[in-house]
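Student: I've got a structure open and a list of terms I keep using without checking them. Can we go through what each one rests on?

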Amino acid sequence: MTSITLNGATLAPGTATGSPFLLSEPLSFWGGFDSTAGTIIDRRHPQLGSYLTGRIMLMSAGRGSCSGSSVLAEAIRRGSAPAGIILLARDAIVTVGALVAAELYQRHCPVVLAGAADWSQLGKADRVTIDARSETAELRLG
Amino acid sequence: MALQLDARDEALLAGDEGPAAAFAMRLLRQFAEAVEATHFIDAEAAHIDGCLYLGAASLDFVEHLAALGGKVRVPTTLNVGSMDLIHPELFQGSAESADNGARLMRAHEALGCLPTFTCAPYQTMFRPRLGQQIAWAESNAIVFANSVIGARTNRYGDFIDLCCAITGRVPCYGLHITENRRARVHLAIENLPPEWQDPQLACIAAGYLAGKSCGDRVPVITGLPQAASEDDLKALGAVAASAGAVALFHAVGLTPEAPTLEAACQGAAPDEHIALTADDLRRAIAQLSLVPDSSPLSAVSLGTPHFSLAEFEKLMPLLAGRQLAIDCFINTGRETLAVLTARGWEEVLRAAGITLVTDTCTYVTAILRELNGTVMTNSGKWAYYAPGNIGVSVAFGSLEDCIASAAAGKVVRL
């Protein structure tokens, strides 16, 4: 099988590999994600209880309180965060959380903006590798 | 258009103003790119919502800036923390949480932030002015500054608020720009419930419905009681920013950018028109209570956002000759507490059975002595968040109903 490489825009730099987890609805990290357990705890979210640690999280857009940045940074510090995050719309809360963790702890959770045309392909892949070391990020599937 | 940096921004990035400012500017630049701002402008003031302890990352960030020699460059007020530093005996949590909470508050002070520890910085001596460009966090403070004062801020939060304070710069986008401040949704109150003599309930109902129907779009409200006070508009904004993501509302005849409906819409037609009847307003108020009337109460909580001096002036006559049967907490700022003490009111309030809480708020930390049961509040924001945050049930009512209920120990409607 030939591997497919897609392009995205780097919002927070880094590299990561993992199996993709497609969120059916946007998630607010504050009040929605447990940074100790690595799970979704928003009782109104359809994927309540899902384990996100080490996954490549695919979220169409950001949601919720600005305090989400702290929760994501804390999760990256603890090692309970997703390995990387791919978005369809720019989101400042997620981006800031990842950037702060990188600055404070030198732990990278790359955040990448992908194109809408690539979304379903990303969600169906067995594995996704993010290389977001420069302005244009590479997303390798398979 | 890509982000343009000017010579000041470049100097900050290059470390000319020290390593803390360079670190903060680096984060700000990446944030500005994420929100697609075109350039930076000077921030004239900042309000920081970083004092609530959400884990080690909260503290590490502030202590990292301090270790790099960071100091804020503009007048910077602080929002509530996890601890009441003036009345530490009120804290019901673990010694470890108390230590972490207090340490985070002190760490912000070390950066030169002012120890205001209030969610109502607009009712202190640091109140901004009309048209001022500011970098504020805390949803109710943001909506008040934008709407009631006409200062200009976006919904800043975690880390970014402090980066603006350390650099004195704020990305120019969103509500910093005049054309983005025009109303998109017209909420037209057609008639008010005649039984509501005081404007407070109409304002809270309108705020709740604005939050529910507008998301983050700017509403303009017509038909509000013209006697609505600044504290009524404060309550309106707080619940609108809880039920939705409202960062700016206009109220025709009441807020500075809305002398007329046309002015609030900047001459354009609103995208949506929503008519509200007296019954819609009554239903909105009823939805804020989770229990029926006459339910027993474990406590009453007032002052979310922090109770102002004017609110205490309204409260004092209601207490005359009354002894409260249950706990009654009032959250307020240090500046207000000092006036209460000077007037001899602090003693009167304590004698009536009221617990004054400063520096924090009863719905974000462990202050309430009893969490099994129902708490009554006059705050739409408290009613919205407290059940999820601290697990209590909630009843909502006017200030007068809350005091009568505190005396009766159950939900009373006057």
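**Reasons behind the labels**

Tutor: Start with helix 10 of chain B: Asp279(B) and Ala286(B) are exposed residues on the face turned away from its buried side. Keep in mind that this is a predicted model.

Student: What makes a residue such as Asp279(B) exposed?

Tutor: You count neighbours: a residue with 12 or fewer other C-beta atoms within 10 Å of its own is exposed, and one with 20 or more is buried. Asp279(B) and Ala286(B) are labelled exposed, so each has 12 or fewer by that cut-off.

Student: Which residues of helix 10 of chain B are buried?

Tutor: Leu281(B), Ala284(B) and Ile285(B), in a helix that runs over residues 278-287.

Student: How do you know that they line one face of the helix?

Tutor: Look down the axis of helix 10 of chain B: the buried residues fall within an arc of 95°, so they line one face. Their cover includes helix 7 (200-214), strand 9 (272-276) and strand 14 (393-396) of chain B.

Student: Strand 9 of chain B is part of a sheet as well, right? Why is strand 9 of chain B called an edge strand?

Tutor: The sheet is open, with 4 strands in the order 8-7-6-9 and parallel pairing. Strand 8 (250-251) and strand 9 of chain B each pair on one side only, and that is what makes them edge strands.

Student: What makes strand 7 and strand 8 of chain B a pair?

Tutor: At least two bridges are needed. Strand 7 (residues 219-222) of chain B has 2 with strand 8 of chain B, the two running parallel, so the requirement is met. In one of the bridges, Ile221(B) is partnered with Ala251(B).

Student: And what is the order in the open sheet of 3 strands in chain B?

Tutor: That one reads 3-2-4, again with parallel pairing. Strand 3 (76-78) and strand 4 (135-136) of chain B have a single partner strand each, so one side of each lacks a neighbour in the sheet. Strand 2 (residues 46-48) of chain B joins strand 4 of chain B over 2 bridges, and His47(B) stands opposite Trp136(B).

Student: Over to chain A. How many helices and strands does chain A have?

Tutor: There are 3 helices and 10 strands. In sequence order the pattern is β-β-β-β-β-β-α-β-α-β-α-β-β.

Student: How do you know that the radius of gyration of chain A agrees with a compact globule?

Tutor: Set it against the rule: a compact globule of 142 residues would come out near 14 Å, and chain A has 14 Å, so the two agree. The C-alpha trace spans about 40 × 35 × 20 Å along its principal axes, and 49% of the residues of chain A count as buried.

Student: Why do you say both faces of strand 6 of chain A are covered?

Tutor: Check the residues side by side. Ile56(A) and Leu58(A) are buried on one side, and Met57(A) and Met59(A) are buried on the other. By the cut-off, each of them has 20 or more other C-beta atoms within 10 Å, so neither face is left uncovered.

Student: Which strands pair with strand 6 of chain A?

Tutor: Strand 3 (residues 20-22) of chain A pairs in the parallel sense over 3 bridges, with Phe21(A) partnered to Met57(A). Strand 7 (residues 84-87) of chain A is also parallel, over 4 bridges, and there Met59(A) stands opposite Leu87(A).

Student: Where in chain A is there a hairpin?

Tutor: Between strand 9 and strand 10 of chain A, which are joined through 3 residues. These strands run antiparallel and share 4 bridges, with Thr129(A) opposite Arg140(A). Strand 10 of chain A also runs antiparallel to strand 1 (residues 4-12) of chain A, with 6 bridges between them.

Student: Last one. How do you know that Leu27(B) touches chain A?

Tutor: Touching takes C-beta atoms within 7 Å, and among the residues Leu27(B) touches are Val96(A), Leu99(A), Val100(A) and Glu103(A). So each of those pairs lies within 7 Å. The whole contact takes 21 residues from chain B and 19 residues from chain A. Helix 3 of chain B gives the largest share of the chain B side, 6 residues.

Methods. Residues are numbered from 1 along each chain as its sequence is written. Chains are lettered from A and ligands numbered from 1 in the order in which they are written. This is a predicted model: local features need pLDDT of at least 70, side-chain atom pairs count only at pLDDT 80 or more; totals for chains, interfaces and linings use all residues. Two residues are in contact if their C-beta atoms, placed from the backbone, lie within 7 Å. The arc is that of the directions from the helix axis to the C-beta atoms. The radius of gyration is taken over C-alpha atoms; the globule rule is 2.2 Å times the number of residues to the power 0.38. Lists of a residue's contacts leave out its neighbours within four places in sequence.
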